[in-house]
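Dear colleague,

Please find below the structure I promised to hand over. My notes on what was found in it follow directly after.

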Amino acid sequence: MSLLAQRKNPSAPPRLDGKEVLVGPDPSVSRVKGVMFGARKQFLVDTVGEEGLGRVIARLSPRTAGYVKTPLASSWCEFESLVELDRAIYDELKAKHPNVLALIGAASAELGIGKVYKSLDSTELLKFLESIALFHTQYQKFGRVKFEKTPNGGRMIYTDYPCYSPIFCASALGFFLESILRHGGTDPSVNETRCQTHGDASCTFEMAWR
Ligand SMILES: [Zn+2]
């Protein structure tokens, strides 16, 4: 279970009032790596069991259901399908877990980092966040990302998204929270201060930790 999910005060429920574009002008780039579907499947089995997984799958279109039943880690899948899956998970679990989208992102970070640092290791955390920016194109075919260090943490800036959704941004928030927690950060703060779903030029995540 992610550290975020174990916290007494989990992150606030997301704002989901932004605009959504599910397929960009060139559909072949509106894609994400299949491993993201595998991570969500694992999250569902761990959180609501096989039965809960079945309830979520029942809400999905055949294509998206296929990605969940048989996740192919290295294949490129439609961004639209990922948002469809996350929205179905949100609808199924929001009554019990209002911050479930953040928990989905946290579960991804948990898979990617594994180890939990006993005390804050800012150097390793910064290295990890830099690597996230560096390997962006291995997970998303669209957009660019830049990581900047700030006095109290860092800032991740995503730009040039041909497709976007507040559902996707909400899971990214949880990914960064979990990344900080696993590196020993206490009291992490992550805010998306700019968002492409609200017409801004970037999705900017301001992170602070201590
Ligand atoms: Zn955003």
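Aspartate 187 is exposed, because just 9 other C-beta atoms lie within 10 Å and the cut-off for exposure is 12 or fewer. This residue lies in the loop between α8 and β5 (189-194). Please note that the model is a predicted one. The backbone at aspartate 187 deserves a look, since a positive phi of about 55 degrees occurs there although the residue is not a glycine. Most residues other than glycine have a negative phi.

A second aspartate presents a similar case. Aspartate 160 is not a glycine either, yet its phi is positive, at about 60 degrees. Its place is the loop between β4 (153-159) and α8. Aspartate 160 has 11 other C-beta atoms within 10 Å and is therefore exposed.

The helix α8 itself covers residues 166-182. Is α8 enclosed by the rest of the structure or open to the outside? Of its 17 residues, 17 are buried, so α8 is largely enclosed by the rest of the structure. Its length can be checked as well: at 1.5 Å a residue, the 17 residues should span 24 Å, and the end C-alpha atoms are 25 Å apart, which agrees. Just after α8, glycine 184 adopts a positive phi of about 90 degrees.

I turn next to helix α3, which comprises residues 62-69. Which of its residues are buried? They are Thr64, Tyr67 and Val68. These three cover an arc of only 95 degrees around the axis, which means that they sit on the same side of α3. An α-helix has 3.6 residues a turn, so residues three or four places apart point the same way. Pro62, Arg63 and Lys69, on the other side of α3, are exposed. The partners against which the buried residues of α3 pack are α2 (35-58), β2 (76-78) and α4 (79-93).

Two of these partners are helices, and I describe each pairing in turn. Two packed helices are described by the angle between their axes and the distance between the axes.

For α2 and α3, the axes come within 10 Å and cross at roughly 110 degrees. The two helices are therefore roughly perpendicular to each other. On the α2 side, the contact involves Phe37, Lys41 and Ile57, which meet Ala65, Tyr67, Val68 and Lys69 in α3. The residues of this contact divide into five nonpolar, no polar and two charged.

For α3 and α4, the axes come within 9 Å, with a crossing angle of roughly 80 degrees. This pair, too, is therefore roughly perpendicular. Here Arg63, Thr64, Tyr67 and Val68 in α3 meet Ser81, Glu84 and Leu85 in α4. By class, the residues of the contact of α3 with α4 are three nonpolar, two polar and two charged. Tyr67 and Val68 thus appear in the contact with α2 and also in the contact with α4.

Finally, there is the loop between α3 and β2, where serine 75 is found. Serine 75 is exposed, because the 12 other C-beta atoms within 10 Å place it at the cut-off of 12 or fewer. Between serine 75 and proline 162 there are 20 Å in space, C-alpha to C-alpha, and the two are 87 residues apart in sequence.

Yours sincerely

Technical notes. Residues numbered from 1 in each chain as written. Predicted model: local features only at pLDDT ≥ 70, side-chain atom pairs only at ≥ 80, totals over all residues. Buried ≥ 20, exposed ≤ 12 C-beta atoms within 10 Å, placed from the backbone. Helix = DSSP H or I, 4+ residues; strand = E, 2+ residues; numbered from the N terminus. Arc of directions from axis to C-beta. Contact = placed C-beta atoms within 7 Å. Expected span 1.5 Å × (residues − 1). Axes fitted to C-alpha atoms, helices over the stretch in contact; angles between N-to-C directions. Parallel < 35°, antiparallel > 145°, perpendicular 65-115°, else oblique. Nonpolar A, V, L, I, M, F, W, Y, C, P; charged D, E, K, R; others polar.
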